[in-house]
Amino acid sequence: MNSVALLQGVVLCVVCSLAVGERAAYSDGQHDDPTGLTRRRRAKTHFRVGPHWDTMSFNERWADFQSEVPASRFQGSEHPGFIPDGEQRGLSCVPWLWGPEDAENLLILVHGFLMCPGRWGLLVKELQDREVVCGLPTGKGADAPRPCGRYRIMGVTLPGHGYKWAESPTSVVSVAKNSTVQVSRTDYIEEMPFDTKAWYDFNEALGSLAQKFKEEHPHGTVAINGHSIGAMMSMHIAVSRPTVFDRVLIQNPELGPSAAHLWVVGPLFKHLRLSINVLADDCEGERAPGSDYSGGYCQFKLGNINSVWSFSKEVYCKSWQIARCTMTGWRFNQKAYNETRRNFSLIKSFQMVATRGDHAVEEKRILKFMEAFHDARGGDQNSGLCTFPEVMGHTYLVPNYVHNHRGGQRWWAPYAMEVLVQYLTEGRTVPVVSRSADLSWKQTDRHGSPIGHFLDPATRGELQRDDWCMPTSPSGVVGTDLTILPAAQNERGYFVTRVGGQRTFVQVLHAGPAEKHILNSSMWYNRWEELVVVNGDFLFVGRENKDAVIRELYLIHRSGRKIADKCVEIPVDQLDPQQPLLEEIEKRHSSPITVMKKYCAEVLVEKFCDIGVATCTR
């Protein structure tokens with residue numbers, strides 16, 4: 001193969017790996033060229049800590065930060081602060097603060113590669129009128145939940161992103177007397193980072209802004225939310241200042257390239273200019289006049305991507321000590337390890353979400369980070385990891401795809417948006433709705449549970465991947481409500497919705513552990529049982545462990561009988577836990593397939609007797 005063909009093959013491989021996820025997947029470059037054949041290039045970021053910030057208030061620091069790049073250079077500068085939502089269309093790349101100026105709470109939004117603050121338009125619209133509940137959902141004292149007003153929302157622009165592109169006519173198409181001028185666009189990417197320093201400077205500036213706000217508003221909530229590369233930056237900022245941030249929401253973080261060979265390709269061809277348009281992604285078409293495009297670029301250089309990969313490797317391996325990567329010489333740094341684990345434990349609340357099958361990120365690093373984070377926190381309930389359905393892709397809940405999402409109909413959008421907003425406004429970690437295993441990955445931590453010592457990394461990873469943030473099919477959700485019982489249990493009950501939209505409460509009458517006899521054996525095993533009632537119908541819910549996948553779901557009939565001192569025998573109809581619950585109940589009422597079940601848990605038997613589903617002699 002000649003050198004040209006080889007180069008084309010390498011570039012195609014790189015672009016394919018990138019574009020499968022989406023242009024918000026990568027950004028960055030590296031400071032040195034290992035070949036020594038190309039010029040050195042270091043992009044200087046405008047967004048960094050100013051020389052007089054020590055004497056400035058938060059508002060003064062923000063004004064200094066925002067003005068480092070003249071607003072006129074950004075896309076959408078004609079209407080700065082515009083919030084695109086798919087219906088109100090326009091570009092929005094100017095760094096901006098939304099919300100009341102006297103707000104006690106701050107939310108920082110950090111977008112991904114080649115995008116702009118406008119990608120958060122849908123979220124900003126949702127949050128503008130939402131009240132924030134400070135503290136922790138189960139907190140006490142200073143951390144007790146309390147209403148504290150609304151967010152001031154800071155939408156920042158990544159270094160070198162969002163500048164106006166240049167247009168030039170390429171052809172004129174004449175139809176009758178009408179003429180159409182086609183244009184080509186050239187993105188101004190000269191200030192996008194080529195080295196890690198630009199990212200460190202940017203993160204230090206955002207961290208300094210957040211810290212100053214916290215000093216001025218000590219009783220409010222400071223939160224940060226990042227996507228893709230913005231998620232990587234948000235993680236670094238929060239871990240570096242763990243006592244500043246009360247809530248950290250991380251979406252599909254870019255912790256490194258999705259394929260090992262890209263570590264080599266990035267530095268070798270870092271000056272190669274590419275466009276997302278070389279593949280099926282019609283980026284140029286997406287930003288045509290009148291589209292839902294909210295701002296950003298279509299073009300980049302491999303060096304831009306490589307700078308973030310290099311940054312993520314330094315932080316993930318060297319600073320956080322999560323893996324002993326090649327760049328650290330396979331050395332363990334006890335001081336860095338201890339400091340990071342201490343910082344992990346100090347963050348009040350942390351939520352990670354990812355999409356199943358997201359080819360734009362390295363899933364293994366996400367899972368290993370969460371293992372380290374969870375182990376450092378001793379199994380608290382204020383951190384979470386769950387997976388969104390694959391159909392959502394790498395980029396979701398953005399104005400660009402309101403009318404034309406690559407996964408088709410956006411049946412998942414209302415529910416996904418609601419659980420993320422609830423986390424940001426109330427601090428409630430996203431509940432695990434569906435789980436394919438009999439235990440949570442948190443129950444297998446290597447230091448606190450004997451189970452963890454016997455599970456290989458692949459099994460642990462599969463447990464993490466299969467904790468779903470929402471149902472994986474449209475039948476499991478209607479708008480912002482579930483139609484099924486979730487895996488994550490609630491001691492009071494659950495709301496479920498009929499497919500037509502009627503919302504009903506499922507009350508928990510009993511929930512607790514029990515023992516069950518193993519068929520054809522003298523052994524017994526522990527399990528978790530629930531008795532619930534919905535619209536006058538009693539249901540039995542059986543799981544192997546608390547918060548595990550539902551293995552048994554039965555509609556209980558009121559003609560049971562006590563057959564021994566400890567047991568009752570009750571006629572039941574089996575329901576499918578993956579199908580809409582209310583419709584399943586109606587189906588079994590009209591077409592019963594009744595079998596007899598024996599229950600012997602003492603507390604459960606008493607409940608059966610009390611509610612009258614079994615005839616009992618006291």
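**Note on strand pairing, helices, aromatic contacts and salt bridges**

1. Ile108 of strand β2 stands opposite Met154 in β5. The two strands run parallel and are joined by six bridges; strands are taken to pair if DSSP finds at least two bridges between them. Helices and strands are DSSP runs, numbered from the N terminus (helices: H or I, at least four residues; strands: E, at least two). β2 is also parallel to strand β8 (residues 222-227), to which five bridges join it. In β8, Asn225 is the bridge partner of Leu109.

2. The model under review is predicted, with local features requiring pLDDT of at least 70 and side-chain atom pairs counted only at pLDDT 80 or more, while totals for chains, interfaces and linings use all residues. Numbering starts from 1 along each chain as its sequence is written, and side-chain values rest on heavy atoms, with hydrogens and water left out.

3. How well covered is strand β2 (residues 105-110)? Six of its six residues are buried, where buried means under 20% relative accessible area, exposed over 50%, and partly exposed in between (1.4 Å probe, protein chains only). Both faces of β2 are covered. Asn105, Leu107 and Leu109 are buried on one side, and Leu106, Ile108 and Val110 on the other.

4. Helix α11 spans residues 413-426, which is 14 residues. From its first C-alpha to its last it reaches 20 Å, close to the 20 Å expected at 1.5 Å a residue; the expected span is 1.5 Å times one less than the number of residues. The helix is mostly covered, 12 of its 14 residues being buried. Among them are the aromatic residues Tyr415 and Tyr423, together with Glu418 and Gln422. Just after α11, Gly427 takes a positive phi of about 80°.

5. In helix α13 (residues 581-590), the buried residues are Leu581, Leu582, Glu584, Ile585 and Arg588. Viewed down the axis of α13, these residues fall within an arc of 160°, so they line one face of the helix; the arc is that of the directions from the helix axis to the C-beta atoms. An α-helix has 3.6 residues a turn, so residues three or four places apart point the same way.

6. The structure holds 21 aromatic pairs. In one of them, the rings of Tyr163 and Tyr188 have centres 5.9 Å apart and planes at 50°, so the pair is tilted. This pair links distant parts of the chain, 25 residues apart: Tyr163 lies in the loop between β5 (151-156) and β6 (166-175), and Tyr188 in the loop between β7 (178-186) and α4 (196-216). Rings of Phe, Tyr and Trp (its six-membered ring) pair if their centres lie within 6.5 Å, with planes under 30 degrees apart counted as stacked, over 60 as edge-to-face and the rest as tilted. Tyr163 is buried at a relative accessible area of 2%, whereas Tyr188 is partly exposed at 34%. Elsewhere, Trp320, Phe344, Phe350, Phe369 and Phe373 form one aromatic cluster.

7. Two arginine side chains deserve a check for cation-ring contacts. The charged end of Arg287 sits over the ring of Trp165, 4.4 Å from its centre, and that of Arg503 sits over the ring of Phe495, 3.9 Å from its centre. The criterion is NZ of Lys or CZ of Arg within 6 Å of the ring centre and within 35 degrees of the ring normal.

8. Both arginines also take part in ionic contacts. Arg503 meets Asp481 in a salt bridge at 3.1 Å, N to O. The partners are 22 residues apart, Arg503 being in strand β19 (residues 503-517) and Asp481 in strand β17 (residues 481-482). Arg503 is partly exposed, at 46% relative accessible area, while Asp481 is buried, at 17%. Arg287 belongs to a salt-bridge network with Glu167, Arg185, Asp187 and Glu284.

9. How many salt bridges does a search of the whole structure find? The search finds 28, each with a side-chain nitrogen of Lys or Arg within 4 Å of a carboxyl oxygen of Asp or Glu. Glu126 pairs with Arg130, the closest N and O atoms being 3.6 Å apart; Glu126 is partly exposed at 33% relative accessible area, and Arg130 counts as partly exposed at 23%. Lys546 pairs with Asp547 at 3.7 Å between the closest N and O atoms. Lys546 counts as partly exposed at 38% relative accessibility, and Asp547 is partly exposed at 24%.
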